[in-house]
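Biologist: I am new to this structure and should be grateful for a close look at one part of it. Please choose a single region, describe how it is built, and then place it within the rest.

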Amino acid sequence: MSKRVTLSRRHLLAGLAGTAALPVLAPRAIAQTNARLVVIGGGFGGATAAKFLKHFLPNTSVTLIEPNETFVACPFSNLVIGGQREISQQAFTYDGLRALGIDVVHQTAGDVDVDAHTVSLLEGGGSVAYDKLIMSPGVDIRWGALEGYDEAAAEVMPHAWKAGAQTSLLRQQLEAMEDGGLVVMSAPLAPFRCPPGPYERASLIAHYLKTQKPASKLLILDAKDSFSKKPLFLEAWAKLYPDHLEWRGAADFGRVVSVDAPTMTLSTDFEDIAASVANVIPPQKAGEIAERAGVADETGWCPINPLDFSSTLQPDIHVIGDATIAAPMPKSAFSANLQAKFCAMQIARQVAGLDLEPTVLANTCYSYISPDQAISITGVYSNADGQLASIDGAGGLSPENADDSVRTAEAAQADTWFRTITQEAFG
Amino acid sequence: MIRKVRGLILAGLLAGAGLAACSPAATPDESVGAQANAGLSPVAGLALTCSGCHSSMGGGIADISDYTSEAIMTALDRYRLEVDGTTVMHRLTRGYSEDQLQAISDYLGAGQDE
């Protein structure tokens with residue numbers, strides 16, 4: 001399947017270079033300047049993609065399908081849980097996109113008919129036709145993959161892994177907890193959205209306990225033994241929160257095998273632990289629309305060609321962001337934003353009949369270890385035989401045992417990054 | 001200079017390709033040539049990364065919008081060669097060749113060089 005799609009794309013590109021063959025080889029007429037470009041999902045990936053399609057091809061019709069009128073950002077939402085930010089500071093509207101001439105449709109994408117090239121709209125009925133579709137569906141929870149964890153359990157033991165009401169719920173539970181309580185976090189196996197996210201959150205919860213509820217403690221039960229920025233987090237925890245944070249990896253029976261919401265119990269193979277507040281970060285998969293469109297494989301995630309983030313499973317659909325199989329490029333807002341810009345550029349180049357540019361992408365993720373200190377991880381990636389690969393010698397972590405000035409400088413950079421990337425996506 | 005030549009070549013390709021004529025719905029103001037903008041210049045793809053962090057927001061990350069190509073290249077080269085550097089830029093620049101960094105600098109600084 002993958003080979004066929006790649007081959008036809010090559011033919012298509014070859015066709016664009018020579019004019020005579022165009023009508024035959026481009027039945028969808030992507031060379032038309034009035035190509036219909038549609039984006040599903042208005043997060044960091046989708047909003048950025050819509051803006052950059054419009055930027056590169058200003059006279060083209062760009063439609064963004066997104067059910068929510070307000071987007072609530074996940075990056076920096078751990079600061080809401082820690083008490084440093086208000087959830088309202090995480091909210092962004094689509095007014096900026098509308099002002100650019102993007103048609104923002106607040107409906108749920110129902111099904112993608114890959115043969116007819118249409119997306120059905122759930123609430124309003126009808127459908128939207130596309131020549132090129134970019135899907136940025138984010139993640140959905142694999143309900144039931146962790147025994148006992150379903151939608152009802154999440155109202156008691158919040159995941160807070162999609163920002164919004166869940167974020168506020170976890171914050172309220174922490175505020176309501178009596179001093180002396182035990183907060184338990186369950187962290188999943190990779191892949192999941194925001195690999196360092198659980199550990200940034202743990203740091204900020206531990207800071208809250210240390211400063212506001214000093215007789216309390218956070219226990220992280222982890223399904224794995226290694227995690228993003230581990231040496232830096234361990235260093236920070238030993239230094240900042242020795243009495244308020246304990247991490248237990250898989251080798252120490254940290255993996256949670258089931259939860260029971262009514263009794264607030266998390267069970268490992270070794271013991272049952274009763275929590276005062278439980279934050280269960282569950283196993284995840286690509287947003288459900290990906291499955292309905294046939295762009296997710298048996299892993300639940302979406303394979304892509306790193307040349308232009310086109311789906312290897314369906315023609316004329318590109319997938320970006322957390323839903324993709326793009327490792328070693330992580331599931332981060334930075335990645336989604338950059339993949340969106342790159343994908344939009346490659347589509348615009350195809351529409352304009354230009355050769356595609358080589359894939360060179362990067363990622364930077366900052367994580368707070370306290371309200372005024374942060375650490376970072378970076379990477380640079382290229383396309384190696386159809387897979388994204390890290391460029392040797394590049395990227396890596398902030399230095400270990402660095403001066404506080406290094407950590408405070410990265411906290412200031414993180415703050416600027418958030419304001420910049422949300423402006424680029426939604427402003 | 002290289003960029004300008006490339007731009008002219010691009011414009012020529014777009015005008016000569018006759019793509020608009022293949023589209024039954026095309027009207028003159030929708031020609032591909034009119035649509036293509038500086039964003040589709042060669043090496044634009046490399047520079048897409050930068051705007052995720054660099055803006056006029058101020059704070060912890062430099063606003064490079066008024067930097068010349070030379071100033072950007074000087075900074076990138078310093079990051080690339082400074083072995084004990086602690087910032088994300090030190091780690092990122094090591095992923096690019098000198099030619100790529102020069103191309104990024106030329107692209108981003110183009111407006112300030114004239």
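Modeller: One definition is needed at the outset: an axis is a line fitted to C-alpha atoms, taken for a helix over the stretch in contact, and the angle between two axes runs from 0 to 180 degrees between their N-to-C directions. The model discussed here is a predicted one. The part I have chosen is helix 7 of chain A, together with the sheet across which it lies.

In those terms, helix 7 of chain A runs at about 155° to strand 17 of chain A. The helix lies across strand 17 and also across strand 11 of chain A. Helix 7 covers residues 165-176 of chain A, twelve residues in total. From the first C-alpha to the last, helix 7 reaches 16 Å, which is close to the 16 Å expected at 1.5 Å a residue.

Many side chains of this helix are enclosed, as the following residues show. Buried in helix 7 of chain A are Gln166(A), Thr167(A), Ser168(A), Leu169(A), Leu170(A), Arg171(A), Gln173(A) and Leu174(A). The buried residues of the helix pack against several elements of chain A: helix 4 (77-82), helix 6 (151-154) and helix 8, as well as strand 11 (182-187) and strand 17 (277-280).

Two of these partners, strand 11 and strand 17, belong to an open sheet of four strands in chain A, arranged in the order 13-12-11-17 with parallel pairing. In general, the strands of a sheet pair through backbone hydrogen bonds, in either a parallel or an antiparallel manner. Strand 13 (245-248) and strand 17 of chain A are the edge strands; each has a single partner, so one side of each is left without a neighbour in the sheet. From one strand to the next, the twist averages 15°.

Within the sheet, strand 11 and strand 12 of chain A run parallel and are joined by six bridges. Val183(A) has Leu218(A) of strand 12 as its bridge partner, and Val184(A) stands opposite Leu219(A) of the same chain's strand 12. Five of the six residues of strand 11 of chain A are buried, so this strand is largely enclosed by the rest of the structure.

The contact between helix and sheet can be followed at one residue, Val277(A), which is placed in strand 17 of chain A. Its relative accessible area is 2%; because buried means under 20%, Val277(A) counts as buried. Leaving out residues up to four places away in sequence, Val277(A) touches Leu170(A), Gln173(A), Leu174(A), Met177(A), Leu182(A), Val183(A), Val184(A) and Met264(A). Among these, Leu170(A), Gln173(A) and Leu174(A) are buried residues of helix 7. Val277(A) and Met177(A) are 100 residues apart in sequence, but their C-alpha atoms are 7.4 Å apart in space.

The surroundings of helix 7 also include aromatic rings. Arg171(A), which is one of the buried residues of the helix, lies over the face of Tyr208(A), at 4.5 Å from the ring centre. Over all chains, the structure holds 20 aromatic pairs. One of them is formed by Tyr199(A) and Phe227(A), which are stacked at 3.8 Å centre to centre with 15° between the planes. Tyr199(A) lies in helix 8 (residues 197-212) of chain A, and Phe227(A) in the loop between strand 12 (217-222) and helix 9 (230-240), so the pair ties together parts that are 28 residues apart in sequence. Both Tyr199(A) and Phe227(A) are buried.

A few features elsewhere place this region within the whole. In chain A, strand 24 (residues 373-384) and strand 25 (residues 387-390) pair in the antiparallel sense over four bridges. These two strands form a hairpin with two residues between them, and Asp385(A) in the turn has a positive phi of about 55°. Arg349(A), found in helix 11 (residues 333-351) of chain A, has contacts that include Leu40(B) and Ser41(B). Chain B itself has seven helices and zero strands, and buried residues make up 37% of its 114 residues.

Methods. Residues are numbered from 1 along each chain as its sequence is written. Chains are lettered from A and ligands numbered from 1 in the order in which they are written. This is a predicted model: local features need pLDDT of at least 70, side-chain atom pairs count only at pLDDT 80 or more; totals for chains, interfaces and linings use all residues. Side-chain values use heavy atoms; hydrogens and water are left out. Rings of Phe, Tyr and Trp (its six-membered ring) pair if their centres lie within 6.5 Å; planes under 30 degrees apart count as stacked, over 60 as edge-to-face and the rest as tilted. Buried means under 20% relative accessible area, exposed over 50%, partly exposed in between (1.4 Å probe, protein chains only). A charge sits over a ring if NZ of Lys or CZ of Arg is within 6 Å of the ring centre and within 35 degrees of the ring normal. The expected span of a helix is 1.5 Å times one less than its number of residues. Contact means heavy atoms within 4.5 Å. Two strands pair if DSSP finds at least two bridges between them.
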